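Please open the structure in your viewer and keep the selection panel at hand. The tour below goes from one stop to the next, saying what to select and what is there.

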Amino acid sequence: MARRPTLEFWYEFASTYSYLAAMRVEALAEAAGVAVRWRPFLLGPIFAAQGWTSSPFNLFPAKGRNMWRDLEREAARLGLPPITRPDPFPQNSLSATRVAVHGAEQDWLVPFSKAVYASEFAEGRSIAEPAAVVAILDRLGLDGTQTVKSASAEANKTRLRVAGEEARSRGIYGAPTFLTDDGELFWGNDRLEQALAWAAGERPGGLR
């Protein structure tokens, strides 16, 4: 049986549009016959390298206002709960991302990632504190305290740094980003369908 093509889904927990993508990528990928590899990473170092001290949605207020309205529209269109903005925005996602990297090969990675997003953007809760991450893990039936402790080990911190370096080396500059088996990069929730089509072998306009 031939191996299914894979789409890498690079996501940041503080990213609003990564939230939308996380909530719909599985069903769309299944319909397209594409496997999804979830790749958590931190955008902060990449933004810092571009000279940004915060999210561009904070640095450019008009852009931020439109983003939140767009997010509300998209959440309603997708049947997601109404958006509740976390305060502050963007959230410090370090603890949650360490846990996600630690669980990269575990079957709880996807439900954990979706639960973090729901807590943050559907319920407006802080995800910054390790205790908040522990609570999310506990609700999933995991040992939250032990998992967060394991995720804080030096070996896992190194894995997170390596993931960030890989993201930069592959040209990633924002989230969500989708990468196909042949290295084609698609940026943004609104490019998810195109990314899946490319991964499945569809090439618009004769592109190779």
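## A tour by selection

Begin by selecting Trp 187, which counts as partly exposed because its relative accessibility is 44%. Bear in mind, here and at each later stop, that this is a predicted model.

Add Tyr 173 to the selection, and you have an aromatic pair of the tilted kind, with 5.2 Å from centre to centre and 50 degrees between the planes. Tyr 173 lies in the loop between α10 (154-169) and β3 (177-180), while Trp 187 belongs to strand β4 (residues 185-187), so that the pair links distant parts of the chain, 14 residues apart. Tyr 173 is partly exposed too, with a relative accessible area of 38%.

Next, select Phe 13 and Tyr 117, one of the 18 aromatic pairs that a search of the whole structure finds. Their ring centres are 5.3 Å apart and their planes stand at 55 degrees, so this pair is tilted. Phe 13 sits in the loop between β1 (6-11) and α1 (16-22), and Tyr 117 sits in helix α7 (residues 109-122), which places the two partners 104 residues apart. Are these two residues buried or exposed? Phe 13 is buried, with a relative accessible area of 1%, and Tyr 117 is buried as well, at 0%.

Now widen the selection to the cluster that ring pairs link together, whose members are Phe 9, Tyr 11, Phe 13, Tyr 19, Trp 38, Trp 108, Phe 112, Tyr 117, Phe 121 and Phe 178.

From there, move to helix α5 (residues 61-77), whose 17 residues should span 24 Å at 1.5 Å a residue, in agreement with the 24 Å between its end C-alpha atoms. Colour its buried residues, which are Gly 64, Met 67, Trp 68, Asp 70, Leu 71, Glu 74 and Ala 75, and you can follow how they pack against α1, α4 (56-59) and α7. Just after α5, stop at Gly 79, which takes a positive phi of about 75 degrees.

For the last stop, select helix α6 (residues 94-102) together with helix α9 (residues 144-151), which pack at an angle of about 90 degrees with their axes 8 Å apart. That angle makes α6 roughly perpendicular to α9. Show the side chains of Ser 95, Arg 98, Val 99 and His 102 on α6, and of Thr 147, Val 148, Ser 150 and Ala 151 on α9, since these residues make the contact. By type, the residues of this contact divide into three nonpolar, four polar and one charged.

Methods:
Residues numbered from 1 in each chain as written. Predicted model: local features only at pLDDT ≥ 70, side-chain atom pairs only at ≥ 80, totals over all residues. Heavy atoms only, no water. Axes fitted to C-alpha atoms, helices over the stretch in contact; angles between N-to-C directions. Helix = DSSP H or I, 4+ residues; strand = E, 2+ residues; numbered from the N terminus. Parallel < 35°, antiparallel > 145°, perpendicular 65-115°, else oblique. Contact = heavy atoms within 4.5 Å. Nonpolar A, V, L, I, M, F, W, Y, C, P; charged D, E, K, R; others polar. Phe/Tyr/Trp six-rings, centres within 6.5 Å; stacked < 30°, edge-to-face > 60°. Buried < 20%, exposed > 50% of the residue type's maximum accessible area, 1.4 Å probe, protein only. Expected span 1.5 Å × (residues − 1).
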